[in-house]
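Visitor: I have a structure open and would like to learn how to read it. Could you walk me through it feature by feature?

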Amino acid sequence: MKSISNADTRTLYFVAIIAILAPFILNPFPTDSGLAQFNAGYPDLMQRFAIYGILAIGFNILFGLTGYLSFGHAAFLGVGSYSAVWMFKLLSMNIIPAIILSVIVAGLFSLLIGFISLRRSGIYFSILTLAFAQMSFALAYSVLTPLTNGETGLQITLNDPRIFAAENVSGNLPVTSLFGMEMRDTWTLNLGAWDFQFNIGYYICAIFLLIAFYLSIRIFRSPFGMMLRAVKTNQTRLNYTGINTRPYTLAAFVISGMYAGLAGGLMASMDPLAGAERMQWTASGEIVLMTILGGTGTLLGPVMGAGFIKYFENIFSKINDTVLHGWFAWMPDGLENVIVWILHLFTGKGWHLTLGIMFMLIVIFLPGGLMEGMSRIGNWWKRRKGGDENTSEAKSTPAE
Amino acid sequence: MDAILLQILNGLDKGSAYALIALGLTLIFGTLGVVNFAHGALFMLGAFCAVSLQKLMSVSKITIDPSQLDFLGNPLKVKTPYIVEWFGPNVGNVIIDWNVPLSIIVAIPVMLSIGYIMERGLIKHFYKRPHADQILVTFGLAIVIQELVKANYGANPIPTPAPDQFVGSFNVGALIGLDASYPYWRLIYFAFSAVIISAVFAFLRFTTFGMVVRAGMADRETVGLLGINIDRRFTIMFGIAAAVAGLAGVMYTPINSPNYHMGMDFLVLSFVVVVVGGMGSLPGAVLAGFLLGILESFASMNEVKGFFEMLYLPSIDQIIIYLVAIIVLLTRPRGLMGKAGVMEE
């Protein structure tokens, strides 16, 4: 790791420690307490944190570095999922070939789409990627039904060929595994009132997340990354200096497509099914939102954004009217009903409304996302402290 | 021949919707330089103007009629819409029946003011920000509008029928010696959109206001230097674009029952239409809208599907628009009628 600086190494270690200790950190409330619904330390959600983290890191390599806003990244995610499920159907339930194929297929697919879309820049590019994503959705949803199983979604069945798998005698659907370690295996540690769950699938995702994060640090700090930043700053000037920017942007596009493919492959590895709705443009919008929310062009931001959104999606969707009434039961009835009625819009099924409003607020007031917010708070704190020192100095100087 | 005529007609009504939305998008883009991802939401809001009016009209007064009994033996509650009570049964029922055309009158001021508020309240602050921010904020707005409508009206499509006189179909083919009957309302939709499109073009072409706006589209700064408040006019153009989208939505309700995501479905295709037509070109948007609409309906013809099946290919009616867009962009990167220097970067 000689070419990454100490600060970056520290960030990487920070992410690694968080990822390893996630089952503890995300489970701060005892299992039986009323606050247990705010826990996030169960396998399914932790896997999603890691997978969407990878997705957002990949998207950030394109959008954060080059400034090309792609509205079609969900297509690569979907392609990755479909190819992984096909591997499970054809070869075996081992996740390694599935993930390799999903990365390769997503890479090829993004090469094709990038080659066409990157002929234009700016708004044109966004619209083109959006159109391609919708086209992929239509392809998966109806046109290519033999390959994708249409609106039902692609699933594994008992009579798939699976040429490398041992004979299935149990009569149950096989589960995804890594050389015998089943993805769904969870070891629960009971400590007093707390249950901490350690899931193999999650740790596999976390390893991939760390690799993805390390690679993105390397890309950010490489000459290639500098070139991409130059594209973002002023592409015209680069062109005038005689540099063809297309290979660089295309490479960035393909890399981020492969990240999305990896995420899709992992998603299918954790739960071997793939559906067309994974490719819909609202899904692409969500990826954009994660990156923006965390902080575009920062290393840590996208991962934070992904975790933030997935966590609140989970929490908000759980809060239904009964829970709300439970919370505000101490209020007078009329007031309680009014408050529950207002909050009802935003919670439960109204989560998307909260998401949309959050999205707008972030874009309007905090274009740098959470990372900018944190650094602003940090600066304000420093200035306040520094300000105090200055005033004391100011007092002391006249005396001299 | 009959089938071909029918497919052309079929394409016209979808094409009209594409053309109207794409026209509004291009107006906004040409004047303010903003790509409005919330334009589909405006289309949907227009459709929900009709739904709201329908709901409003069916607000009923409940009277208890002791002479009639319901199946439980209680006096029957009779619901009479207030409209019927005020105007009498003849006029009242006609008014309720003509809900969709009447919604136009409601939708115009509503959509104009929504457009005005949107521009002044939000988009105004984004002119100096990067294009990506403009896309993102309008995208967020689209989600918010969509979810609010969903929270208010539910997720299911709400049927809003056309007036009784326009139910049924008309044999258009008979006029030119062919046989192709076609629903009245779709013909009306096409005629309506033709009127709207011509009105917009005439407005830009033959009025002083339109002339100033066209000058502003060509060179905003110079027009500003001449002492004309161009921002104000552009704001009004935004309102007009919103109204065009809204009217397209109002009139579309009898064809497809409106639901909260109809706007998004149309928006993506309208973007493709704009790109194919050439960014910033109003005639291009209209032309491409109709072309792609007709093309789409041709691709869904059984004969075409059969042809593809013969070649062991899947039918492409779902993706034909995108395929055409790719081909157009690869051969004519500026679109069919795009002008040099618009969004070239």
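Visitor: In which sense do S1(B) and strand S2 of chain B pair?

Guide: Keep in mind that this is a predicted model. S1(B) and S2(B), the latter covering residues 75-81, pair in the antiparallel sense, and seven bridges hold the pairing. For one rung of that ladder, look at Ser60(B), whose bridge partner in S2(B) is Pro81(B).

Visitor: How many residues sit between S1(B) and S2(B) in the hairpin?

Guide: Five residues lie between the two strands. In that turn, Gly73(B) has a positive phi of about 95°.

Visitor: Is strand S1 of chain B in the open or covered?

Guide: To read burial, count the C-beta neighbours within 10 Å: 20 or more means buried, 12 or fewer means exposed. S1(B) spans residues 60-69, and the number buried among its ten residues is zero, so the strand lies largely in the open.

Visitor: Which strands of chain A can I put beside that hairpin?

Guide: Try strand S4 (residues 186-191) and strand S5 (residues 194-199) of chain A, which run antiparallel and are joined by six bridges. Thr186(A) stands opposite Asn199(A) in S5(A). This hairpin has two residues between its strands, and Gly192(A) takes a positive phi near 60°.

Visitor: Is Leu189(A) buried or exposed?

Guide: Leu189(A) is in strand S4 of chain A. It counts as exposed because it has 11 C-beta neighbours inside 10 Å, and the cut-off for exposed is 12 or fewer. Setting aside neighbours within four places in sequence, Leu189(A) is in contact with Phe196(A) and Phe198(A). Its C-alpha is also 10.0 Å from that of Pro23(A), although 166 residues separate the two in sequence.

Visitor: Where does Pro161(A) lie?

Guide: You'll find Pro161(A) in the loop between strand S1 (154-155) and strand S2 (177-178) of chain A. Pro161(A) has 9 C-beta neighbours inside 10 Å, so it counts as exposed. Its C-alpha is separated by 45 Å from that of Thr11(A), which is 150 residues away along the chain.

Visitor: What about a covered element?

Guide: Look at helix H5 of chain A, residues 122-143: 20 of its 22 residues are buried, so to speak of it as mostly covered is fair. From first C-alpha to last, H5(A) reaches 30 Å, close to the 32 Å expected at 1.5 Å a residue.

Visitor: What is the general idea behind a nonpolar core?

Guide: In soluble globular proteins, nonpolar side chains tend to be buried together. Here the largest nonpolar core has 211 residues. Those with the most contacts inside it include Ile54(A), Leu55(A), Ala131(A) and Tyr259(A), along with Leu23(B), Val272(B) and Val275(B).

Visitor: With which residues is Leu23(B) in contact, leaving aside its neighbours within four places in sequence?

Guide: The partners of Leu23(B) are Ile197(B), Val200(B), Val244(B), Leu282(B), Ala285(B) and Val286(B).

Visitor: Now for the interface. How many residues of chain B are in contact with chain A?

Guide: The size of an interface is often given as the accessible area lost when the parts come together. Counting contacts is another way in: 33 residues of chain B are in contact with 37 residues of chain A. On the chain B side, the elements that give two or more residues are helix H5 (131-153), helix H10 (262-277) and helix H13 (320-331). H5(B) gives the most, with 14 residues. By class, that side has 26 nonpolar, four polar and three charged residues.

Visitor: How do I take in each chain as a whole?

Guide: Start with the element counts, then turn to overall dimensions. Chain A comes to 15 helices and six strands, while chain B comes to 13 helices and four strands. Chain B has a radius of gyration of 23 Å, close to the 20 Å the globule rule gives for 345 residues, so it is as compact as a globular protein of that length. For chain A the value is 24 Å, which agrees with the figure near 21 Å for a compact globule of 400 residues.

Visitor: And the spans and burial?

Guide: Along its principal axes, the C-alpha trace spans about 90 × 70 × 45 Å in chain A and about 75 × 60 × 35 Å in chain B. In chain A, 44% of the 400 residues count as buried; in chain B, 46% of the 345 do.

Technical notes: Residues numbered from 1 in each chain as written. Chains lettered and ligands numbered in written order. Predicted model: local features only at pLDDT ≥ 70, side-chain atom pairs only at ≥ 80, totals over all residues. Rg over C-alpha atoms; globule rule 2.2 N^0.38 Å. Contact = placed C-beta atoms within 7 Å. Nonpolar A, V, L, I, M, F, W, Y, C, P; charged D, E, K, R; others polar. Pairing = 2+ DSSP bridges. Expected span 1.5 Å × (residues − 1). Core = buried A, V, L, I, M, F, W, Y, C linked by C-beta atoms within 7 Å.
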